[in-house]
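Dear colleague,

I am passing on a structure that you have not worked with before, and I would be glad if you looked through it at your own pace. My notes on what was found follow below it.

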Amino acid sequence: MKVITKILQAVSFLLSLFLLWAGLASLLDVCNSARLMGWSSFIPSIVAGLVFIVMLICEA
């Protein structure tokens with residue numbers, strides 16, 4: 001049972017790292033678009049991306 005728990009923890013950790021990477025890539029893409037087209041319309045997306053990243057970090 002301990003081995004299964006360790007495997008599941010490792011899979012969960014790897015999934016969290018992938019989601020963190022994807023969240024950062026998405027946030028950078030939104031910031032780049034905002035830089036080109038104006039920040040005001042992209043602020044909700046930027047805030048949502050930051051909240052998602054903070055939640056991932058706090059959960060780990």
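Which helix gives the largest share of the nonpolar patch? Please keep in mind, before the reply, that this is a predicted model. The largest share, 4 residues, comes from helix α1, which covers residues 2–37. The patch itself lies on the surface, has an area of about 530 Å², and is made by Leu15, Phe18, Leu19, Trp21 and Phe52. One of these residues, leucine 15, has its place in helix α1, and with a relative accessible area of 49% leucine 15 is partly exposed.

It may help to set this patch against the overall form of the protein. The protein has 2 helices and 0 strands, and its C-alpha atoms fill a box of roughly 55 × 15 × 10 Å when the box is taken along the principal axes. The radius of gyration is 16 Å, whereas a compact globule of 60 residues would have a value near 10 Å. Of the 60 residues, 15% count as buried, and the accessible surface comes to about 4900 Å², with 76% of that surface belonging to carbon and sulfur atoms.

Turning to the interior, the largest nonpolar core consists of 6 residues, namely Leu27, Val30, Ala34, Phe42, Ile46 and Ile53. Two elements, α1 and α2 (43–59), each give two or more residues to this core, and the largest share, 3 residues, comes from α1. Leucine 27, one of the core residues, touches Ile46, Gly49, Leu50 and Ile53 once residues up to four places away in sequence are not counted.

Phenylalanine 42, also listed in the core, deserves a separate paragraph, and its place is in the loop between α1 and α2. Is phenylalanine 42 buried or exposed? Phenylalanine 42 counts as buried because its relative accessible area is 17%, and the cut-off for buried is under 20%. If neighbours within four places in sequence are left aside, phenylalanine 42 is in contact with Val30, Ser33, Ala34 and Met37. As for the first residue in that list, valine 30 and phenylalanine 42 are 12 residues apart in sequence, and their C-alpha atoms are 7.2 Å apart in space.

Two further residues, one from each helix, may be useful for finding your way around the model. Serine 16 is placed in helix α1 and counts as partly exposed, at 22% relative accessibility. How far apart in space are serine 16 and glutamate 59, C-alpha to C-alpha? These two residues are 9.0 Å apart by that reckoning, although 43 residues separate serine 16 from glutamate 59 in sequence. Valine 51, for its part, is placed in helix α2, and at 41% relative accessibility valine 51 counts as partly exposed. Between valine 51 and serine 16 there are 15 Å in space, again C-alpha to C-alpha, with the two residues 35 apart in sequence.

With kind regards

Terms used. Residues are numbered from 1 along each chain as its sequence is written. This is a predicted model: local features need pLDDT of at least 70, side-chain atom pairs count only at pLDDT 80 or more; totals for chains, interfaces and linings use all residues. Side-chain values use heavy atoms; hydrogens and water are left out. Patches are made of residues with over 30% relative accessible area and no salt bridge: like charges are joined within 9 Å, nonpolar side chains (Val, Leu, Ile, Met, Phe, Trp, Tyr) within 5 Å. Accessible areas come from the Shrake-Rupley method with a 1.4 Å probe; for residues, only the protein chains shown count as cover. A salt bridge is a side-chain nitrogen of Lys or Arg within 4 Å of a carboxyl oxygen of Asp or Glu. Buried means under 20% relative accessible area, exposed over 50%, partly exposed in between (1.4 Å probe, protein chains only). A nonpolar core is a set of buried Ala, Val, Leu, Ile, Met, Phe, Trp, Tyr and Cys residues joined through side-chain atoms within 4.5 Å. Contact means heavy atoms within 4.5 Å. The radius of gyration is taken over C-alpha atoms; the globule rule is 2.2 Å times the number of residues to the power 0.38.
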